[in-house]
Amino acid sequence: MAWRGNISKSLKELRILLCQSSQSSSSARTFVETNYKDLKSLNPKFPFLIRECSGIQPQMWARYDMGVERCVNLNGMNESQILKALEDLVKAGGATKA
């Protein structure tokens, strides 16, 4: 999982939007609780933004160079699927720099 340390090289910002109490955001909340500390320690200056809003559908937004953004709808995903989606976003950012 070397890609975890490359988040700050591939992305400019990562935003995770979730609801504090809805069932549809439960996996996103678990993902943040389980992975945030590790991801932040590997990318200490990188902006990981966690935004909570009542009733919102869980989403993950990646911002790349030149203001390009990609969104992944996290509704119905489990924690491992969310991690894979993040990996895909990171790898997509690395591909644009090659």
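Visitor: Which residue takes a positive phi in the hairpin of E3 and E4?

Guide: Good place to start, and keep in mind that this is a predicted model. The residue is Met66, with a positive phi near 60°. Five residues lie between the two strands of this hairpin.

Visitor: How many bridges join E3 to E4, and do the strands run parallel or antiparallel?

Guide: To read a strand pair, look at its bridges and then at its direction. Here, strand E3 (residues 59-63) and strand E4 (residues 69-73) run antiparallel, joined by five bridges. For one partner to look up in the viewer, take Ala62: its bridge partner in E4 is Arg70.

Visitor: Now the interior. Which residues have the most contacts inside the largest nonpolar core?

Guide: A core is read as a set of buried nonpolar residues joined through their side chains. In this structure the largest one has 23 residues, and Ile7, Leu11, Leu14, Phe31, Met60 and Leu86 have the most contacts inside it. At least two core residues come from each of E1, H2, E3 and helix H3 (79-97). Helix H3 supplies the largest share, six residues.

Visitor: Is Glu79, in that same stretch, buried or exposed?

Guide: Neither term fits: Glu79 is partly exposed, because its relative accessible area is 26%, and buried would require a value under 20% while exposed would require one over 50%. Glu79 lies in helix H3. As for distance, Glu79 and Glu52 are 27 residues apart in sequence, and their C-alpha atoms are 18 Å apart in space.

Visitor: How many cavities of 30 Å³ or more does the structure hold?

Guide: One. The largest cavity has a volume of about 50 Å³. Its lining is made up of Leu14, Ile16, Phe31, Val32, Asn35, Tyr36, Leu39, Phe48 and Ile50. Strand E1 (13-18), helix H2 (26-42) and strand E2 (48-52) are the elements that give two or more residues to this lining. Helix H2 gives the most, with five residues.

Visitor: How many residues of each class are in that lining?

Guide: Eight are nonpolar, one is polar and none is charged. Leu14 and Phe31 are worth selecting in your viewer: they line the largest cavity, and they are also among the residues with the most contacts inside the largest nonpolar core.

Visitor: Which residues does UniProt list for a domain?

Guide: An annotation is best read beside the coordinates. The unreviewed UniProt entry lists residues 20-93 as "domain: Ribosomal protein/NADH dehydrogenase". Over those residues the chain is 43% helix and 20% strand, and the end C-alpha atoms are 29 Å apart.

Definitions and conventions. Residues numbered from 1 in each chain as written. Predicted model: local features only at pLDDT ≥ 70, side-chain atom pairs only at ≥ 80, totals over all residues. Heavy atoms only, no water. UniProt positions renumbered as here; feature names shortened; annotations may be inferred. Helix = DSSP H or I, 4+ residues; strand = E, 2+ residues; numbered from the N terminus. 1 Å grid on protein atoms, 1.4 Å probe; cavity = no way out; pocket = protein on both sides within 12 Å on 5 of 7 lines; lining within 4 Å. Points joined across faces, edges and corners; volume = space filled by probe spheres on them. Nonpolar A, V, L, I, M, F, W, Y, C, P; charged D, E, K, R; others polar. Pairing = 2+ DSSP bridges. Core = buried A, V, L, I, M, F, W, Y, C linked by side-chain atoms within 4.5 Å. Buried < 20%, exposed > 50% of the residue type's maximum accessible area, 1.4 Å probe, protein only.
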